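Got the viewer open? Load the model, switch on a cartoon view, and let's walk through it one selection at a time.

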There are 2 protein chains.
Amino acid sequence: MSAAREHVTTKPASAEALTAPVEDYLKAIYTIGKGTGAAATNEIAQRLALAPASVSGMVRRLADQGLLAYERYHGVKLTESGRRAALRTLRRHRVIEAYLAQALGYPWDRVHEEAERLEHAASDQLVDRMAVAIGEPKVDPHGAPIPTHDGAVDETEYTSLAELAIGVPRLVVRVADEDPAMLRYLAELSVVPGKRIIVKAREPYGGPITLAVGRQEISIGPALAAHVLTAPVTGKASGGRRG
Amino acid sequence: MSAAREHVTTKPASAEALTAPVEDYLKAIYTIGKGTGAAATNEIAQRLALAPASVSGMVRRLADQGLLAYERYHGVKLTESGRRAALRTLRRHRVIEAYLAQALGYPWDRVHEEAERLEHAASDQLVDRMAVAIGEPKVDPHGAPIPTHDGAVDETEYTSLAELAIGVPRLVVRVADEDPAMLRYLAELSVVPGKRIIVKAREPYGGPITLAVGRQEISIGPALAAHVLTAPVTGKASGGRRG
DNA sequence: GCTAAAAGTTAGGCTGTACTAACTAGTTGA
DNA sequence: TCAACTAGTTAGTACAGCCTAACTTTTAGC
């Protein structure tokens, strides 16, 4: 009897335990708005593979809950509370990805899908333990920055391979994480975070981009190149970890 | 239009991807029926903390899906397919519990709650990797047997501490996993899987049971004792692992 | 400045899972 | 044998999320 009394389910302060779909909306809105900007209904719908009408409905409910600011016909913006929730989910997702890759040997093209489900089920507690177990990495396996426990995140904008100047050495810092086939292809080409590359040539009208990766020379299309982000090569930055 | 058509959701062969509530029902029915017996509506309702009416409804749908055999007013029994699904979930749950405890240092009173959510999100792939990472244990941290990948499980029935003969040395093999406070209390008393115990005395009318654990002598109530399962002490069995 | 296209919304429906209230079937004890 | 209790069911409702179809608002090009 007195033992049962002790079962207090300590809720982490404000958190009302968002549903999986809600977390997905917030994540999408955050990613579209890059943290601070606005997101259009259609863009949210496309990213979540939902009908725009569904987004209209959900968005109104989320606004009622104070998670986002919404003006009819004019897109949405996360509130501070919505932003915090989005970053919490993003942290979960990326820590889980990193953990799966580093601790369980998951191939980097499969971590995203698994994390997509686990991020809604794992507690913050568990995620923190995972982070500690792999040495609190700053980025996930695709180079995306991992938000800290209290919502700080590196929002540096990087230049994609598609818009790079020719002849300047760069460091690959991040690649898009959603398409497994693309990730396998990039890994084959050694275009992975931490690699030094130089754009050698770019053909006009959507033509191929030629680049040097290590001692190899490869050609990729602009659609793929747009999914590879790069940073300047500096003395201190190297090896696939930023910080 | 044509883009929407492409949304093919490649289902993994037979598995229709059960929802979390469905998996919970199957698990509950399996546990109540000990694998083969029947489960009463009210018992399912109580275990899942739902209204009996809700169970009636769900049970009919599960019967339609071929997961269980159902005769109105006479309880339900898992079909072979239902049993397989239940064991798949049970395996997930217990491997996750074991992994959390062994690989991430989770305290044994918290693994159950976390696993309760993760079991619905983790892929079989991930669960297998976790199992390998901790050496394919046969039991979870509370001593519950872990079903194998192909649905085999140790269904040995053990004698609870409440119904034990006096003076006979026994081995604790399993404790109930759901109540964190109870688990902390048991750990305090060193009543954990693998421990040798002897019942020294039992008072009638629900009175305390006195037992020797190591060099200590302790007294517990029959309600608690019923949640501790024991096996005979043999030469080969020892140390908290069965098999 | 107007009109057509694009973007977004509302209306109405469906499914899954839960609830309460009211009813029925099965069981048990006098 | 049947009344009363227990167990289980049906009926009707709700809510979250999704959908399509039809409508409205905004925007962009002339």
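Start by superposing the two protein chains: a turn of 180° and a shift of 0.1 Å along the axis lay chain B on chain A with an RMSD of 0.0 Å (a least-squares fit on the C-alpha atoms of residues with pLDDT of at least 70 in both copies). That is the relation of a two-fold axis. Before you click further, know that this is a predicted model, where local features need pLDDT of at least 70, side-chain atom pairs count only at pLDDT 80 or more, and totals for chains, interfaces and linings use all residues. Residues are numbered from 1 along each chain as its sequence is written, while chains are lettered from A and ligands numbered from 1 in the order in which they are written.

**Stop 1: where the chains meet**

Select the contact between the two chains: 17 residues come from chain B and 17 residues from chain A (in contact means C-beta atoms, placed from the backbone, within 7 Å). Now colour α6 (111–118), α7 (124–133) and α8 (180–188) of chain B, since each supplies at least two residues of the side that touches chain A. Helices here are DSSP runs of H or I with at least four residues, strands are runs of E with at least two, and both are numbered from the N terminus. Chain B's side of the contact holds 11 nonpolar, three polar and three charged residues. For those classes, Ala, Val, Leu, Ile, Met, Phe, Trp, Tyr, Cys and Pro count as nonpolar, Asp, Glu, Lys and Arg as charged, and the others, Gly among them, as polar. Of the interface residues of chain B, 76% are also interface residues in chain A, so the copies meet through the same surface.

**Stop 2: DNA strand D**

Which residues come nearest to DNA strand D? Show T19(A), A53(A), S54(A), N42(B) and A53(B), which come nearest of the 21 residues around that strand (near means a C-beta atom, placed from the backbone, within 6 Å). α2 (20–33) and α4 of chain A, plus α3 (41–48) and α4 (52–64) of chain B, each supply at least two residues of this surface. α4(A) gives the most, with five residues. By class you'll find 11 nonpolar, eight polar and two charged residues here.

**Stop 3: DNA strand C**

Hop over to DNA strand C, which has 20 residues around it; N42(A), A53(A), T19(B), A53(B) and S54(B) come nearest. Each of α3 and α4 of chain A, and of α2 (20–33) and α4 of chain B, supplies at least two residues of this surface. The surface near DNA strand C has 11 nonpolar, eight polar and one charged residues.

**Stop 4: α3 on α4 in chain A**

Zoom in on residues 41–48 (α3) and 52–64 (α4) of chain A: these helices pack at about 110°, with axes 8 Å apart. Axes are lines fitted to C-alpha atoms, for helices over the stretch in contact, and angles run from 0 to 180 degrees between N-to-C directions. That makes α3(A) roughly perpendicular to α4(A) (65 to 115 degrees; under 35 is roughly parallel, over 145 roughly antiparallel, the rest oblique). Show sticks for T41(A), N42(A), I44(A) and A45(A) in α3(A), which meet P52(A), V55(A), S56(A) and V59(A) in α4(A). This contact has five nonpolar, three polar and no charged residues.

**Stop 5: two oblique pairs in chain B**

Next, pick α2(B) and α3(B), whose axes come within 10 Å and cross at roughly 120°. These two helices are therefore oblique to each other. In α2(B), D24(B), Y25(B), A28(B), I29(B) and I32(B) meet E43(B), I44(B), R47(B) and L48(B) of α3(B). Six nonpolar, no polar and three charged residues make up this contact.

Finish at α5 (residues 80–104) of chain B, which packs with α6(B) at about 130°, axes 9 Å apart. α5(B) and α6(B) are therefore oblique too.
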